[in-house]
Amino acid sequence: MTARKGKPRINHSERAKDEVYRQMFRLEESRPGAGMALALALLRAWLAAESNSESGLERVWLKNISPICLQMIEAALQARDTVS
């Protein structure tokens, strides 16, 4: 696959990282549905890493970021439950 004019090519793992970070920021802003979106983005990132045979660095990143994402999701759920 070639890059488009003037645009750098982004591989699937970079897109997955970008989506996870984007959803983390959305969750920090307390956007509706951000917890589920973060969980889905994280799951997609794991699936992308599993399908990539050279995904050592992606797996290390996922092993580091996953606990943080889970804590964020759990905190958002607890905050939502205490408000209700």
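The following paragraphs describe the helices of a predicted model, the contacts between them and a few individual residues.

The protein chain folds into three helices and zero strands, and reading along the sequence gives the pattern α-α-α. Of its 84 residues, 29% count as buried. Contacts between residues at least 6 apart in sequence were also sorted by separation, and 42% of them join residues at least 24 apart.

A good place to start is the packing of helix H1 (residues 12-28) against helix H3 (residues 56-83), whose axes come within 11 Å and cross at roughly 20 degrees. With angles under 35 degrees counted as roughly parallel, H1 and H3 are therefore roughly parallel to each other. The crossing of H1 past H3 is left-handed. On the H1 side, the contact is made by Ser 13, Lys 17, Val 20, Tyr 21, Met 24, Leu 27 and Glu 28. H3 contributes Glu 58, Trp 61, Ile 65, Ile 68, Cys 69, Met 72, Ile 73 and Ala 76. Sorted by class, this contact of H1 with H3 comprises eleven nonpolar, one polar and three charged residues.

The structure holds one aromatic pair. Its partners are Tyr 21 and Trp 61, in an edge-to-face arrangement with 5.5 Å from centre to centre and 70 degrees between the planes. The pair links distant parts of the chain, since Tyr 21 sits in helix H1 and Trp 61 in helix H3, 40 residues apart. Tyr 21 has a relative accessibility of 35% and so counts as partly exposed, whereas Trp 61 is buried, with a relative accessible area of 13%. Both residues also appear in the H1–H3 contact described above.

Turning to the second helix pair, the axes of H2 and H3 come within 11 Å and cross at roughly 165 degrees. Angles over 145 degrees count as roughly antiparallel, and H2 and H3 are therefore roughly antiparallel to each other. This crossing of H2 and H3 is left-handed. From H2, the residues Gly 35, Leu 38, Ala 39, Leu 42, Ala 45, Trp 46, Ala 49 and Glu 50 take part. They meet Glu 58, Arg 59, Trp 61, Leu 62, Lys 63, Ile 65, Ser 66, Cys 69 and Ile 73 of H3. By class, the contact of H2 with H3 contains eleven nonpolar, two polar and four charged residues. Trp 61, the buried partner in the aromatic pair, is among the H3 residues here.

Within H2 (residues 34-51), Trp 46 deserves a look of its own. Its relative accessible area is 26%, so Trp 46 is partly exposed. Leaving aside residues up to four places away in sequence, Trp 46 touches Arg 59, Leu 62, Lys 63 and Ser 66. The C-alpha atoms of Trp 46 and Ala 16 are separated by 8.7 Å, although their positions lie 30 residues apart along the chain.

A last residue to visit is Gln 23, which lies in helix H1. With a relative accessibility of 6%, Gln 23 counts as buried, because the cut-off for that class is under 20%. Apart from residues up to four places away in sequence, Gln 23 touches Ala 34, Ala 37, Leu 38 and Ala 41. Gln 23 and Gly 35 are 7.8 Å apart in space, C-alpha to C-alpha, and twelve residues apart in sequence.

Key. Residues are numbered from 1 along each chain as its sequence is written. This is a predicted model: local features need pLDDT of at least 70, side-chain atom pairs count only at pLDDT 80 or more; totals for chains, interfaces and linings use all residues. Side-chain values use heavy atoms; hydrogens and water are left out. Axes are lines fitted to C-alpha atoms, for helices over the stretch in contact, and angles run from 0 to 180 degrees between N-to-C directions. Helices (H or I, at least four residues) and strands (E, at least two) are DSSP runs, numbered from the N terminus. Angles under 35 degrees count as roughly parallel, over 145 as roughly antiparallel, 65 to 115 as roughly perpendicular and the rest as oblique. A crossing is left-handed if the near helix is turned anticlockwise from the far one by less than a right angle, and right-handed if clockwise. Contact means heavy atoms within 4.5 Å. Ala, Val, Leu, Ile, Met, Phe, Trp, Tyr, Cys and Pro count as nonpolar, Asp, Glu, Lys and Arg as charged, and the others, Gly among them, as polar. Rings of Phe, Tyr and Trp (its six-membered ring) pair if their centres lie within 6.5 Å; planes under 30 degrees apart count as stacked, over 60 as edge-to-face and the rest as tilted. Buried means under 20% relative accessible area, exposed over 50%, partly exposed in between (1.4 Å probe, protein chains only).
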